[in-house]
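Visitor: Could you give me a close look at an unusual spot in the backbone? I'd be glad if you carried on from there to whatever else is worth seeing.

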Amino acid sequence: MVKLSVNNRNIEAKSGDTILSVLKRNGIKVPTLCHLEGLFPSGACRMCVVEVEGLPGLVPSCAYPVQDGMRIQTHSPRAVRARKTIVELLLADHPDDCLYCVRNGDCDLQNLAEELGVRQRRYAGKKSMHQIDSSSPSLIRDPAKCILCGKCVRVCEEIQGVSAIDFIGRGSRARVGPAFDEGLNVSSCINCGQCVTVCPTGALREQSALKDVIDALNDPGKFVVVQHAPSVSVTLGEEFGIKPGTDMIGAMTTALRRLGFDRVFDTSFSADLTIMEEGSELVKRIREGGPLPLLTSCSPGWIKFVEQFYPELIGHVSSCKSPQQMLGAIAKSYFAEREGIDPARMYSVSIMPCTAKKFEAERPELSSGGLADVDAVLTTREAARLIRMRGLDLNSLPPEPADTPFGERSSAGKLFGVSGGVMEAAARSAHYLLTGEEMADPVIKSLRGLDGIKEATITIGGLELGLAVASGLANARKLLDQIRAGRKDLHFMEVMTCPGGCIAGGGQPVSSDPNAIRARMKSLYAIDTGAANRVSHRNKQIQKIYEEFLGEPLGERSHKLLHTRYVTRDVMI
Amino acid sequence: MNPSVQTILDKYVGEGRDSLIPLLQEVQDREGYLSRDALKLIGRHLNLPASKIYGVATFYNQFRFEAVGRYHIQVCRGTACHVKGSAKVLETLTRELKIRPGQTTRDGLFSIEVVACIGACGLAPVIAVNGEFHAGVTPEKIKEILRTYRKQGAEAIHG
């Protein structure tokens, strides 16, 4: 235990703590730009400098350990002046186009300039010239807005284990980009968008599909359907100032209908469908001897990751399309046929917590008869923009139910939004498929929570199944390397690209608050606890679509509409 | 597979990321530049992502990513040359050849490299073309020098 004084207040701390973590714990705010919770400090931005009595210079609180007897001033004139100067210097080489920027009002640099009272352009100089990289189907890089904090580089390397981007060049020519300064589209980028959620400015953003969607909504010749991913209803509210984790499903459905969508569907329905197919695939592989472990296929960033880094494991990946693509495929076949709509006239939109879904929707394998399963993908953030654009406020809309037939869901489908959820949902249905009985307790506790790697062994009808769950692809790497090295006790492995699952996806409201992620997770668990139907195979509409249209899981029609294949990719890794 | 890069890598068996710079230097010495292929092989050998290797390599002026031209022009930007106007010399070269330092003209004839000091301060501002020094160059002289090499190059190619 060490004792120190901060702003003339006595505070106790553990030795080994950084000054910043102690300040945070005691509710004292110093601004940061490059700090990332849980990762090794880089000390790049110097925003968090504080004055420590007896030390000659200001110290970066994020990287400086506390010492006994330390006397710290967090907002001394010198510290505040230093911070302000840093912001002024950053602004001197920043395009002054906040009004046109997607992060206007939600930008760390803008907020700091306001907080520190920057009212003048004190430093004038030549601005750096950069090209915007819009080559990726998911992301846009605008290096002119980059302040070189390096968060995107660290997330890509340390959390995702991808390292698609790094610093290039030196000094005033330094910039962030992929190898050989090429476009993201030919790099090893997996489109996950974690870089977007940590970017303090508008230097990284999603490739927006808003214009396409608005055009479709305004086209009387188009029948526009929309689906929303399981996690979106518990995150969208944050964009409207609602407490993190609040389930806004009813108001969101109303908003989408008022925007002019002809049908509002729930991707949790097709998550149930995925469980029917993937659960059957698991049972088949167990009975027929592999290849095991079966790897989940819902998360498109993860799929590209396997294709690039572990091509020899592609055979392990489930052939199931993701829920997004499944819903798209049955909307343009089963639903179109039932309603007598020409599928070529149908425009299928999805609202996803994800930027990689934009890439997925463009995969040529994921279409039938020349028609893409999904035509446009909006992130949660874009959906909020669309709703605001129409003057709608989620706070004041009455709730409405989703449309049939793809509006009914089990809470197992809803769990797809959180790490471990696909596994739980699959275990519930696999249990039924193998034994004809329901699981006594549908919750597998050790697969819940935000840990990066979770494992469990369950027994179904005398059969012992090894289950593993990873989120954040650096964690997936660890398990894959074990499998590559010969680990044999796993039957099923769920991987979600983003740490914690879709609730923390690259398309979600930008939030630096880890408590928000936790609240989103708890909300999905609460929905499951209170649900009337907690298993995918008891979803009435699922049973109906198999009776009327698909036949049986893994049957001929399923195979054609609901399953896909993967490719190996030769990119610079 | 690139055999000449592979022979270099074979000398670095079991080495980690701290061998990156010596490896890059050796490969560039052998090949004249760092090709995409070479970077890929080095990355696989040291278990480093290509973006990281490119980041390190672009931090230093000595590495290039395009093959050098038939005539490789080194422009001295040392103190003496700077005082004597080497900035103008470099500007003329980049404008005339339409390439930046580190690049090679499309016809493969010329490439430019900026060097800190080539130890010929008495001749400032100085450039070296394939090791041959040209002293006291001015924008006008540069144009003339380029003309000479272009002619030489054309003769060499068309006989």
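**From one proline outwards**

Guide: Let's start at A:Pro293, which lies in the loop between α8 (267–288) and β12 (294–295) of chain A. Please keep in mind that this is a predicted model. The peptide bond joining A:Leu292 to A:Pro293 is cis, and its omega is about 0 degrees. This is worth a pause, because most peptide bonds are trans, and most residues other than glycine have a negative phi. Both habits are useful to remember as we go on.

Chain B also has a cis bond, from B:Ala124 to B:Pro125, with omega near -15 degrees. Here the proline, B:Pro125, sits in the loop between β2 (110–115) and β3 (127–129) of chain B.

What about phi? In chain A, look at A:Asn191: its phi is near 70 degrees, a positive value although the residue is not a glycine. You'll find A:Asn191 in the loop between β8 (175–178) and α5 (194–198) of chain A. Is A:Asn191 buried or exposed? With a relative accessible area of 3%, A:Asn191 is buried. Chain B offers an asparagine with a positive phi too: B:Asn47, near 60 degrees. B:Asn47 belongs to the loop between α3 and α4 of chain B, and at 68% relative accessibility this asparagine counts as exposed.

Next comes a glycine. A:Gly340 has a positive phi of about 65 degrees and comes just after α10(A). That helix, α10 of chain A, covers residues 323–339 and bends by about 40 degrees at A:Ala331. Mostly covered, α10(A) has 14 of its 17 residues buried.

Now from backbone to side chains. Over all chains, the count comes to 52 salt bridges, and a few in chain A make good stops. A:Lys24 and A:Glu37 meet through their side chains in one, at 3.0 Å from N to O. The two partners are 13 residues apart, with A:Lys24 in helix α1 (residues 19–25) of chain A and A:Glu37 in the loop between α1 and β3 (49–52) of chain A. A:Lys24 counts as partly exposed, at 42% relative accessibility, whereas A:Glu37 is exposed, with a relative accessible area of 53%.

Compare that with the salt bridge from A:Arg381 to A:Glu206, where the closest N and O atoms are 3.2 Å apart. This pair joins helix α12 (residues 380–389) of chain A, home of A:Arg381, to strand β9 (residues 204–206) of chain A, home of A:Glu206, across 175 residues of sequence. Here both partners, A:Arg381 and A:Glu206, are buried.

A further salt bridge runs between A:Arg448 and A:Asp528, with 3.0 Å between the closest N and O atoms. A:Arg448 lies in the loop between α14 (421–435) and β17 (453–460) of chain A, and A:Asp528 in helix α16 (residues 514–529) of chain A, so the bridge ties together parts that are 80 residues apart in sequence. Both A:Arg448 and A:Asp528 are buried. They also have company: shared partners join A:Glu424, A:Arg428, A:Arg448, A:Asp528 and A:Arg534 into one network of salt bridges.

Finally, let's see where the chains meet. On the chain B side, 16 residues are in contact with 18 residues of chain A. Between them, the two chains bury about 1,500 Å², with 57% of it on carbon and sulfur atoms. Which three residues of chain B supply more of its buried area than any other three? They are B:Arg36, B:Ser51 and B:Tyr54, which together supply 38% of the area that chain B buries against chain A.

Salt bridges turn up here as well: four cross the interface of chain B and chain A. One of the bridges found in the model pairs B:Lys40 with A:Asp570, whose closest N and O atoms are 3.1 Å apart. The count of residue pairs in polar contact between the two chains is eight. On the side of chain B that touches chain A, α3 (36–46) and α4 (50–59) of chain B each supply at least two residues. The largest share, seven residues, comes from α4(B). By class, this side of chain B has eight nonpolar, five polar and three charged residues. You may recall B:Asn47 from earlier: its loop is the one between α3 and α4 of chain B.

Note on methods: Residues numbered from 1 in each chain as written. Chains lettered and ligands numbered in written order. Heavy atoms only, no water. Contact = heavy atoms within 4.5 Å. Buried area = accessible area lost by both parts, 1.4 Å probe. Polar contact = N/O pair within 3.5 Å; in protein donor to acceptor, adjacent residues only side chain to side chain. Helix = DSSP H or I, 4+ residues; strand = E, 2+ residues; numbered from the N terminus. Nonpolar A, V, L, I, M, F, W, Y, C, P; charged D, E, K, R; others polar. Bend = angle between axes of the 7 residues up to and from the residue. Buried < 20%, exposed > 50% of the residue type's maximum accessible area, 1.4 Å probe, protein only.
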